[in-house]
Amino acid sequence: MSKKWIYLPHDGSAEMRDLLGGKGANLCEMYNMGLPIPPFFIATTEGCIYYMENGKMPPGIENQVRKGLDFIDKTKGQEFGNPSDPLLLSVRSGGKFSMPGMMDTVLNLCLNRTVLKGLIKASGNERFARDCYRRLFQMYGEVVLDVDKDLFEHALTAKRRKFKVVTDPELPAKALMELGDEFEGFINKSGKRIPSNPFDQLMTGIESVYKSWNTPRAIAYRNANRISHNLGTAVNVQTMVFGNINENCGSGVMFTRNASTGEKRIFAEFLYNAQGEEVVAGTRNPLHIEELEKDKPHLYGELIDHSDHLEKRYRDMQDMEFTFEYDKLWVLQTRNGKRTGPAAVRIASDMVKEKLITREEALMQVDPDLLVQCLLPTIKAGQKFDDKIVGSGLNASPGAAVGKVVFSTGRVLELIEQAKAKKQPAPNMILVRNETNPDDFPGMLASDGILTSQGGMTSHAAVVARQMGKPCVAGCREAIVDSKKRTLKIGGVTFTEGDIITIDGSMGIVINARLELVRSPEPGKYFTNVMNWADKVKRLGVRANADTYDEAFLARKLGAKGIGLCRTEHQFGGPRKMLVAELIIILTDPNPSKARLKRQEALVKKLLNAQRKDFLDVLKAMDGLPTTIRLIDPPFHEFLPSDSDLAKLLKVAKSKAERDKLTQMGQLRRSIDEANPMLGTRGCRLGIMFPIINETQVRAVFEAACILKKKGMNPKPEIMVPLIMDVNELRYLEPIVRNTAALVMKEQGVKVNYLYGTMIEIPRAALTSDEVAEVAEFFSFGTNDLTQTGMGLSRDDTASLIMQYVNMGILPVDPFQVVDRRGIGRMMKICIEDGRKTRPKIKLGICGEHGGEKESVEFCHQIGLDYVSCSTYRVPGARLAAAQAVLKEKKSKPKRRRSIKK
């Protein structure tokens, strides 16, 4: 018996997302709820997986599609392929997880010249019929046959010019007839054909949607959103309903709450005489839903009733698509709506207040990755720019961005590659387009902000920007964008590529100035509500990686309960780097002169004073909270100037003594030149070779701690030794740390409680943790280096290789972004279990960037770590992810059965 590849509405439900995709599962649910849904059937995700693995459609699917068509015929009262009463179909993608605009759609399938005549006769509207016909050729040509889409767009533009109209709906039937012939000609010239048989059209349409699962934009989207490449997409085959018959029909998109702010207010846009993709594509500026309320109050009321019903059913904000044919409303799809971070916390908070969901459901509803958007850059207060505002549009996605004007995705990516080649950071860029389309996804991802001249709040640019957390001003109508000439004309100013502008997506304005931006640590009451609920649920502690007072202060404000990693090498920039370099030169001299020894003493004193100030600031900001300070870690050579820097310094050196010192630095660098410095003289090895550096750092820590202790504060330093491979390295450094700490406390007359521990970054240290725990009072997993050493991948220059591996399915995700549970994670488990056998109460944490990634945080909870530590702005997301880990664990545990008393 053939496998079931096709499902009818009554076969499915909202819970069948894996098999039917999110869109298909929701269509089944709405159909069975009695909502006005055009008849449909679904080709499953399993069919897509079969197609990807075998390069052909699944066996038996054609017969099952015919049965699906029989269902549509009976339900709609029309016959598929009957030219006298034409039944047109659409095919739309729908994966388990929403990927808006990333895969393909084909509308108006099953049209040919014979059926076109029947459609003209049946509808009594030649213009409408010919519009459907030219749309089929355009979409089928672009999507299925891969004909250059610019051919179709240029022809449309020329036709509007010829007939002296502004928009496509104004084109008369004669123009559309000409376009249909021209579009067919483009396809024929390409050596391809649209099948005249309606069934063949349908089958190739379904196949093209399956194929679109692996388009570059779909792959890029899944990579960016960490969606598995193995899920496949379903295909929704649905009866066409027409918003483009005339000006009494239309299509639109509705959000049950504001997707940008979270306000409990319907936000919807629509177009008369349009099919749905025109609203989403942003090719025309849509009308607000209030216009529909005024023109067709009964339809508006029906739409509001359906939206309320669906929000209560799904217990979440919904994103709906609808079409109306005269006075008949059709709901085409619903899904949980994409939203910004500020909107997410407000919707969750409001729904709890409305008793629509519980606090636990609210916590699971918010994506931890969105919380950083609540802290997005804004224009720094006090700057005067009112006279610099050159244009305004829709406040499509919040936050502000400053950058160079760039007019295409290709150019954005080209500029990034150019910067990489020069070993420079990528420039800040604002992607400027008339409207964006799914092919622009990589450019949007790489840009700092997006500006479009067309489109509304539900356009592709707006929806995708909100999801990414990118500032976006959409539908800036006064903007004239010429992508070919690379110019933007707005407010009487002409900008060319590379000119700097500022956009504010919260206010919807464009500013002709380079304004200063700030991140706000005051995210508001809704954010605070969600964070407070998370803190009551989570078990894991959350700390921050912070090296300065400002970072530590902000981290504490964002809910960090300590510092998990204070990197002392980040305090060695500028002149201090040269100070350490000079000190190393003296320390490597086997027979230093008295003058050199005196200079060494002076250098140590300078280092001590500088580091004491650093640690005073950090410990003060973290008063009463643990502060893990990592001793010096970078490779030896990083403290010495490169050959190019050395040449520049020698040119400006003012004395022979200065030139001699620089020459010695060059000689030393060449003498210790290492093929692989990241696995060379760095970490604890540097401290063992030059113990005076570690001794000076430890003295600085405890002098700072004692000063604060005398002021009534409660500093809690934790001294962390980096990059050990053997317990004997930790043992060697222990007396340096403990004796120095004891000496300082004796000198100052105060006692400071502290811990001595290590960073687990090398597999051997992880696998000998029972020995390491004899000395270490805490472990902190440095998962960046542990991944590098454990997987044999350089984190500095294998990014493109890793991306290829992910795209090829060799690796599921980038292991430097998400902890590799099977390999690195297993090693972490062994380390924890063996370490706790030796020291049951050992403190365990993680301080690599994995500590702020939601899946990795969940794993850290599962293996029993005490805390995670991450960059400052990821602290809120880590707090929420830690709470979600508890709730997922609770949900997965089987409920105990109550015993029945006899």
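## Internal cavities

In this predicted model, four cavities of 30 Å³ or more are counted. A cavity is a set of points on a 1 Å grid over the protein atoms alone where a 1.4 Å probe fits but cannot get out. Grid points are joined across faces, edges and corners, and a volume is the space filled by probe spheres set on the points.

## The largest cavity

The largest cavity holds about 80 Å³ of space. It is lined by 13 residues (each with an atom within 4 Å of a point), and Arg 92, Met 240, Val 241, Thr 323 and Leu 332 are the closest to its centre. Strand S3 (89-95) and strand S5 (233-239) each give two or more residues to this lining; strands are DSSP runs (E, at least two residues), numbered from the N terminus.

## The second largest cavity

The second largest cavity contains about 40 Å³ of space. Its lining consists of Lys 23, Arg 92, Gln 238, Glu 321, Leu 332 and Gln 333.

## A nonpolar surface patch

On the surface, Leu 801, Tyr 805, Met 808 and Ile 810 form a nonpolar patch with about 380 Å² of accessible area together. Such a patch joins nonpolar side chains within 5 Å, from residues with over 30% relative accessible area and no salt bridge (a side-chain nitrogen of Lys or Arg within 4 Å of a carboxyl oxygen of Asp or Glu). Accessible areas come from the Shrake-Rupley method with a 1.4 Å probe.

Leu 801 has a relative accessible area of 32% and is therefore partly exposed, a class between buried (under 20%) and exposed (over 50%).

## Basis of the values

Residues are numbered from 1 along each chain as its sequence is written. Local features need pLDDT of at least 70 and side-chain atom pairs count only at pLDDT 80 or more, while totals for chains, interfaces and linings use all residues, and side-chain values use heavy atoms, without hydrogens and water.

Notes:
On a 1 Å grid over the protein atoms alone, a cavity is a set of points where a 1.4 Å probe fits but cannot get out, and a pocket is an open set with protein on both sides within 12 Å along at least five of seven lines; lining residues have an atom within 4 Å of a point. Helices (H or I, at least four residues) and strands (E, at least two) are DSSP runs, numbered from the N terminus. Patches are made of residues with over 30% relative accessible area and no salt bridge: like charges are joined within 9 Å, nonpolar side chains (Val, Leu, Ile, Met, Phe, Trp, Tyr) within 5 Å. Buried means under 20% relative accessible area, exposed over 50%, partly exposed in between (1.4 Å probe, protein chains only).
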